[in-house]
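Please read the following report beside the sequence and the coordinates. It takes up a sheet, then a cavity, and ends with a single residue.

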Amino acid sequence: MSASTSKFAGNHILSVNQFNRDAIEYIFHIANQMQPYAQRQKRTEVLRGAILGNLFFEPSTRTRVSFGTAFNLLGGEVRETVGMSNSALAKGESLYDTARVLSGYSDIIAMRHPQAGSVAEFAAGSRVPVLNGGDGANEHPTQALLDLYTIEKECHAHGSSIDGLNIAMIGDLKYGRTVHSLCKLLSLYKNVHFTLISPTELAMPESILTAITNGGHQLTVTDQLSGSLDADICYQTRIQEERFTSQSEADKFRGKFRLDQQIYTKHFQSKTVIMHPLPRDSRAEANELDNDLNQHPNLAIFRQTDNGVLVRMALFALSLGVENLLQQHEKPVLWHTPKSTL
Ligand code: NCD
C-alpha cells in the first residue's frame, strides 16, 4: 500500500477538518483521472462486487444520485434507503444499531441526515467507511471538495489560483452547510479574501469566522450587496427553509439576495464565476439565481454538478484503496450515448 493510499483507505469522511492541502491535492489528482470513465470514453470495473449503502434521510437529488452514479461508474452496486419514514429509524432504532446492521450489508456507506453530528454518531457504529453527505446545518464535506475542485479549474481557466482568491458568499450563511465546509477548506490556502453577504440573522457562525481569521485571511462581513466587488467567485446560496422553526420565519428572507444579469453586471466583474451548490429555488418569490444567467459562460453551476461525480469517484476509490488499480480493470465501452450540446 502506498503512503498516499494509507491516508484514506478505510477512513470515514465526516468533516473537512480532516484534510490538509496535500490530501486535497491528492484527491483532485485522482478526480482528474476519473474524467474518461465519467465521460464513458472508458470503463473500469475496479469496484465490481462492492456495495454502496446510500442512505438519504433528507431530500436530495444530485448528492444522492451522484454518489450512486460515481459508485456505478467504478463498477460497484448501489443499495438505497431514502427518507426517514421508510427506515427503522421511524420505529425508534438508534443510529448506532442502524449502522451496525447496514455496515454488514455494504462495503462503504454514504449518508445524509437532518441532525448536525448524526453522521459521526452513525459512523461510530459502522464497520465500513462512512461518507458524510450532509449532516444538518453542520457540514457537507464532499460538496466542499467538489466546489473547491471547481474553483481550482475555473481559476486555472482565468489564469489565477486559489491562493489570493477573492470570493463573495451570499445568502443563508447560517444554515448553509456547504459554505461552512467550503470556508474551512479555503482557509487552508493563502491570502483569500472572503466577502460574506447575508441578512444579519443568517450570518456565518462564529466558529467559521474564527477559522478564516486564524488562517490570516481578509474578511468582510456585510448585510448589503453594494458597490463593485472584485470577486473571482460569487457563491450564491438558497435560504435553507427546512432549518427554520417556521415557514413564516424563512419567508422573511426569501428573495432578499437575488442574482440576475442586471445585478451581476452592476456588482461583479466580467471575470466573476457564478457558483451555487443547487438546488436553486426557482419560485418567483425566491429566485436567488435567475434563469437569465443560464447561458452566461461564467455560470459554473452545471460544471459543479459534473465535477461532483469525479470527486465522489475519487473519494470512493481512495476510501476503498483502489485508486491505483483503475486501468488494470478497464473494459471497452460498447455503446454510444448521443449527447446534445446544451
Ligand atoms: C445543498 C445541501 O443539501 O446542503 N445541496 C447539495 O447538496 N448540493 C444545498 C442546499 O440544499 O441548498
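## Sheet, cavity and one helix residue

Strands β2 and β3 run parallel and are joined by 6 bridges, in a model that is predicted. Within this pair, Leu 52 stands opposite Val 78 of β3. Between the two strands the chain passes through helix α4, and the β-α-β crossover made in this way is right-handed.

The pair belongs to an open sheet of 4 strands, whose order is β3-β2-β4-β5 and whose pairing is parallel. At the edges lie β3, residues 77-82, and β5, residues 130-135, each of which pairs on one side only. From one strand to the next the twist averages 10 degrees. Helix α4, made up of residues 62-73, packs on this sheet and touches β2 (51-56), β3, β4 and β5, while the direction of the helix makes about 180 degrees with that of β2.

The table sets out the strand pairs with their bridges.

| Strand pair | Sense | Bridges |
|---|---|---|
| β2 and β3 | parallel | 6 bridges |
| β2 and β4 | parallel | 5 bridges |
| β4 and β5 | parallel | 4 bridges |

Met 111 gives a view across the sheet from strand β4, which spans residues 108-113: on the β2 side it is Leu 55 that stands opposite Met 111, and on the β5 side Met 111 stands opposite Asn 132. As for side chains, in a regular strand they alternate between the two faces of the sheet. Strand β2 is mostly covered, with 5 of its 6 residues buried.

How many cavities of 30 Å³ or more are counted? The count comes to 1 cavity, and about 100 Å³ of space lies in the largest cavity. The lining of the largest cavity is formed by 14 residues, among which Ile 239, Phe 253, Gly 255, Phe 257 and Glu 288 lie nearest its centre. Empty space of this kind is shown by rolling a probe the size of a water molecule over the atoms.

The last item is Thr 210, which is found in helix α9, a helix covering residues 206-214. Is Thr 210 buried, partly exposed or exposed? Its relative accessibility is 35%, and because partly exposed residues are those between the limits of 20% and 50%, Thr 210 counts as partly exposed. Computed along the chain is not the only way to place this residue relative to another: Thr 210 and Lys 184 are 26 residues apart in sequence, and their C-alpha atoms are 9.7 Å apart in space.

Definitions and conventions. Residues numbered from 1 in each chain as written. Predicted model: local features only at pLDDT ≥ 70, side-chain atom pairs only at ≥ 80, totals over all residues. Heavy atoms only, no water. Pairing = 2+ DSSP bridges. Axes fitted to C-alpha atoms, helices over the stretch in contact; angles between N-to-C directions. Contact = heavy atoms within 4.5 Å. Buried < 20%, exposed > 50% of the residue type's maximum accessible area, 1.4 Å probe, protein only. Right-handed = clockwise from strand over helix to strand, strands pointing away. 1 Å grid on protein atoms, 1.4 Å probe; cavity = no way out; pocket = protein on both sides within 12 Å on 5 of 7 lines; lining within 4 Å. Points joined across faces, edges and corners; volume = space filled by probe spheres on them.
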